[in-house]
Amino acid sequence: MQKTEGEESKAENEEVKQVTLMTSDGVKMKVEISIVYEMEIVRSFIEVNDADHSVPFPLPNVSSHTLDLIIELVKNEYDDEFMKTFSHDELKEVLVAANYLNMKTLLDFIATAIANLLEKKSVEFIRNFFNIVNDFTPEEEAEIRKTNEWVFQDLDED
Amino acid sequence: MSEEKEADITGNSDSDMMTQLPDPILENILFLLPTADAAGMSTVSKYWLNLWNSFIILHFSFHESTQKFENFLPLVEDSLFSLPSPAKNPIIHSFTLNMHFGKERRSPFDMDGVRYISEVTANVNDWIGLVLKYCVKHLKLIFTNIQYNLPSEIFMAKSFLSMHIQGCSIMGYPFFSGDNAPFNCLRELVLLKVETSSNRIHKILSHSRLLEKIVLKDISKMNSLIIYDLPRLSYAEIDVALEESLEIEAPNLCTLILHLKGSVQTYVSDHDSGYGNYGLKKIVFEHAKLETVELRFNSCARLQIACSNLRTLFLSNKGFDNRLDVEVDAPKLKQLHYEGNVIPSFHGMESLVKPTVTLKLGIGGRPGLDVAVRSCIEMFNHPTVHLSYFYGEIFKAQEILWPGQVQQAEVTSPPPKIKCLIWSISPSTPPLAYQFLLDGSLCSCHPEILRVEAHPLNWEFIRFLSHELHNIEENPSCCKDEPKFRCWRHYLKSVNVEIQSHPESEKPKTSRGKVLTKILKYSVQFNMNWSRD
């Protein structure tokens with residue numbers, strides 16, 4: 001993997017400021033401050049309380065796996081190719097976490113990725129993706145499908 | 001029965017996850033989908049049906065090369081005429097019209113073309129007239145290769161949150177619904193390739209006091225730009241050839257991207273009391289909340305930046321040889337990028353806590369340059385220096401970075417360390433200049449990394465570098481006559497070579513709906529280990 005400039009300077013024993021985050025599964029992770037700054041929720045806190053960064057900042061809604069993915073995404077400057085390796089569950093988890101952490105760039109990026117994924121997909125695929133239970137009666141659904149008939153031409157195979 | 005129950009449970013827990021998301025996030029996903037797909041989402045469940053029904057998206061794209069206007073017309077009209085009546089107050093979330101015409105439409109001499117375009121324009125006028133009867137939140141009009149004359153009534157609509165106008169002209173005087181009731185919802189205004197005048201822009205701005213984001217690019221027929229009384233403005237991107245004056249007073253400005261073309265005379269920032277004329281050659285920034293400044297300019301000799309929250313500063317006066325003084329009072333500065341042909345004198349940088357500095361210097365060579373580079377480097381902490389060398393354009397190879405000048409300046413301590421030195425040399429550089437370049441640059445600084453792009457034009461240079469760097473005697477016999485000076489060969493301990501790949505663009509930007517893919521570039525990298533006793 002390519003060395004980032006941050007890693008080079010770390011090797012030099014120059015201190016890269018880090019903030020410790022504690023995930024929902026109790027894992028403490030040291031994260032570079034430049035990445036933490038993208039998380040509005042944490043940033044606003046540490047900026048107001050110029051606190052000791054070694055005290056872990058709790059993130060009760062984010063798992064360590066999701067946080068790992070987010071950090072990698074930010075480090076790779078939102079790399080499309082890297083994102084393509086995500087499972088559907090991971091995409092959703094990152095979306096929920098990005099919303100919770102209030103990361104604007106990541107939200108835009110992930111929303112775009114999900115929109116691209118959903119493009120030209122069947123209703124069943126979309127229900128599956130969001131785990132949505134179909135709460136229409138068969139008659140209602142037939143009715144709506146009829147009004148939206150033009151939509152259901154030209155769909156991709158799931 | 002039990003199976004059904006299970007399904008219910010999983011359904012609940014999953015919908016729990018999704019209910020953590022506020023509607024705007026899901027709306028945004030709908031918004032990013034093409035209209036057909038977004039409509040399809042309404043068949044998924046009642047929740048999505050409600051979401052879909054709560055707003056209407058109208059996105060139309062016309063490409064002259066692939067479709068005929070006669071076929072496009074009914075498509076738009078069917079959608080517009082099937083909208084619920086305006087009396088019911090439906091909200092149109094966004095209306096986007098992207099009209100892409102062939103290049104030949106630019107020619108004004110084709111009578112058939114003129115008739116065709118006026119027919120198209122008349123239809124577009126009708127559509128816009130119809131849409132304006134509704135409450136529209138986001139408006140996007142893009143015209144390519146024809147210039148659409150925006151109807152003045154468009155500014156009567158009070159509901160816009162964002163307006164993106166591209167390839168249009170605003171020639172009529174913008175009407176507003178009474179001067180006391182401006183269309184004060186507008187948060188985002190983007191004007192690209194728009195033909196209009198300063199007066200019209202000023203009128204629009206003065207009626208949009210809630211603006212948070214302004215992008216003005218390639219606006220023709222503008223002399224001056226005055227932005228004031230916009231208390232919420234946090235993002236401004238201005239790329240306009242202004243001949244007279246530019247003035248920005250915005251107390252909450254966070255990001256400013258400014259490409260100054262033309263001969264702007266005045267720049268007055270937020271902080272000044274009264275109106276100061278700084279004459280031709282000076283730019284002052286004092287916006288207290290500015291975090292990011294990107295500035296490209298030509299006719300400027302002094303730059304004064306006093307922003308207590310500034311984190312990123314990007315300066316470029318590429319292509320111009322004017323001397324440049326930069327005075328910085330920005331205690332929080334983290335990143336400084338400079339790109340240009342002259343090395344600016346930075347003042348006030350000593351107090352900064354180790355910002356990351358990138359200097360991208362395109363140099364034709366000039367006497368004493370090495371000393372300037374050196375003092376510039378010494379001021380910063382391990383900067384990354386990109387040196388582009390253009391041979392023979394202005395000066396000769398011998399004049400740049402000549403070790404002799406280091407001696408004259410009586411520099412006895414080892415030269416400063418820098419993180420990375422990146423060479424790009426113009427193809428016309430003759431091999432005999434390589435030695436000067438190498439000696440000169442390594443006598444002025446000790447880079448941890450020396451990088452050259454792996455491009456066929458550079459093979460010769462790379463071969464030369466590996467030969468020179470790998471064949472150093474343990475106790476070099478050079479520099480015997482100079483008691484005070486030892487060249488780089490005396491400091492270099494070891495070198496190893498590797499091939500690196502890195503993305504072409506340094507910061508790939510993701511824009512709505514479109515993600516730029518990275519292109520990999522390869523370079524040869526010499527990792528250098530210096531002994532500096």
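# Reading a two-chain model

Mentor: In chain B, among contacts with a separation of 6 or more, 54% are between residues 24 or more positions apart. The model is a predicted one.

Trainee: What percentage of such contacts in chain A join residues at least 24 apart?

Mentor: The value for chain A is 56%, counted among contacts between residues at least 6 apart in sequence. A single pair may illustrate the idea in chain B. Ser428(B) and Leu457(B) are separated by 29 residues in sequence, yet their C-alpha atoms lie 9.6 Å apart. Ser428(B) itself belongs to the loop between strand 23 (417-425) and helix 10 (432-444) of chain B. With a relative accessibility of 49%, Ser428(B) counts as partly exposed, because that class runs from 20% to 50%.

Trainee: How many helices and strands does each chain have?

Mentor: Chain A has nine helices and three strands, and chain B has eleven helices and 28 strands. Read from the N terminus, the elements of chain A follow the order α-β-β-α-α-β-α-α-α-α-α-α.

Trainee: What share of the residues is buried in each chain?

Mentor: Of the 158 residues of chain A, 43% are buried; for the 533 residues of chain B the share is 49%. The accessible surface is about 8600 Å² for chain A, with 49% of it on carbon and sulfur atoms. For chain B the surface is about 25200 Å², and carbon and sulfur atoms hold 51% of it.

Trainee: I should like to read a sheet next. What is the strand order of the open sheet in chain A?

Mentor: The open sheet of chain A has three strands in the order 2-1-3, and its pairing is mixed. Strand 2 (28-32) and strand 3 (57-58) of chain A are the edge strands, each pairing on one side only. Strand 1 (residues 18-22) and strand 3 of chain A run parallel and are joined by two bridges. In one of the pairings, Met22(A) has Pro58(A) of strand 3 as its bridge partner. Helix 4 (residues 64-75) of chain A packs on this sheet, where it touches strand 1 and strand 2; the direction of helix 4 makes about 10° with that of strand 2.

Trainee: How does one read a strand by its side chains?

Mentor: In a regular strand, side chains alternate between the two faces of the sheet. Strand 16 (residues 302-306) of chain B shows this: Leu303(B) and Ile305(B) point to one face and are buried, whereas Arg302(B), Gln304(B) and Ala306(B) point to the other and are not buried. Strand 16 runs parallel to strand 18 (residues 325-329) of chain B, with five bridges between them. Arg302(B) has Asp325(B) of strand 18 as its bridge partner.

Trainee: Which residues of helix 6 and helix 7 of chain A make the contact between them?

Mentor: As a general idea, an α-helix has 3.6 residues a turn, so residues three or four places apart point the same way. Helix 6 (residues 88-101) and helix 7 (residues 104-118) of chain A pack at an angle of about 150°, with axes 9 Å apart. The crossing is left-handed. Helix 6 contributes His88(A), Leu91(A), Val94(A), Leu95(A), Ala98(A) and Asn99(A), and helix 7 contributes Leu106(A), Leu107(A), Ile110(A), Ile114(A) and Leu117(A). Nine of these contact residues are nonpolar, two are polar and none is charged.

Trainee: Why is helix 7 of chain B described as largely enclosed?

Mentor: Helix 7 (residues 198-206) of chain B has seven of its nine residues buried, so the rest of the structure largely encloses it. The buried residues are Ser198(B), Arg200(B), Ile201(B), His202(B), Lys203(B), Ile204(B) and Leu205(B). They pack against strand 7 (188-192), strand 8 (213-217) and strand 9 (225-227) of chain B.

Trainee: What should be noted about the phi of Asn145(B) and of Asp229(B)?

Mentor: Most residues other than glycine have a negative phi. Asn145(B) has a positive phi, near 70°, and Asp229(B) has a positive phi near 60°. Asn145(B) lies in the loop between strand 3 (135-144) and strand 4 (148-149) of chain B, while Asp229(B) lies in the loop between strand 9 and strand 10 (235-241) of chain B.

Trainee: Are these two residues buried or partly exposed?

Mentor: Asn145(B) counts as buried, because its relative accessibility is 16%, and buried means under 20%. Asp229(B), with a relative accessible area of 41%, is partly exposed.

Note on methods:
Residues are numbered from 1 along each chain as its sequence is written. Chains are lettered from A and ligands numbered from 1 in the order in which they are written. This is a predicted model: local features need pLDDT of at least 70, side-chain atom pairs count only at pLDDT 80 or more; totals for chains, interfaces and linings use all residues. Side-chain values use heavy atoms; hydrogens and water are left out. Axes are lines fitted to C-alpha atoms, for helices over the stretch in contact, and angles run from 0 to 180 degrees between N-to-C directions. Helices (H or I, at least four residues) and strands (E, at least two) are DSSP runs, numbered from the N terminus. A crossing is left-handed if the near helix is turned anticlockwise from the far one by less than a right angle, and right-handed if clockwise. Contact means heavy atoms within 4.5 Å. Ala, Val, Leu, Ile, Met, Phe, Trp, Tyr, Cys and Pro count as nonpolar, Asp, Glu, Lys and Arg as charged, and the others, Gly among them, as polar. Buried means under 20% relative accessible area, exposed over 50%, partly exposed in between (1.4 Å probe, protein chains only). Two strands pair if DSSP finds at least two bridges between them. Accessible areas come from the Shrake-Rupley method with a 1.4 Å probe; for residues, only the protein chains shown count as cover.
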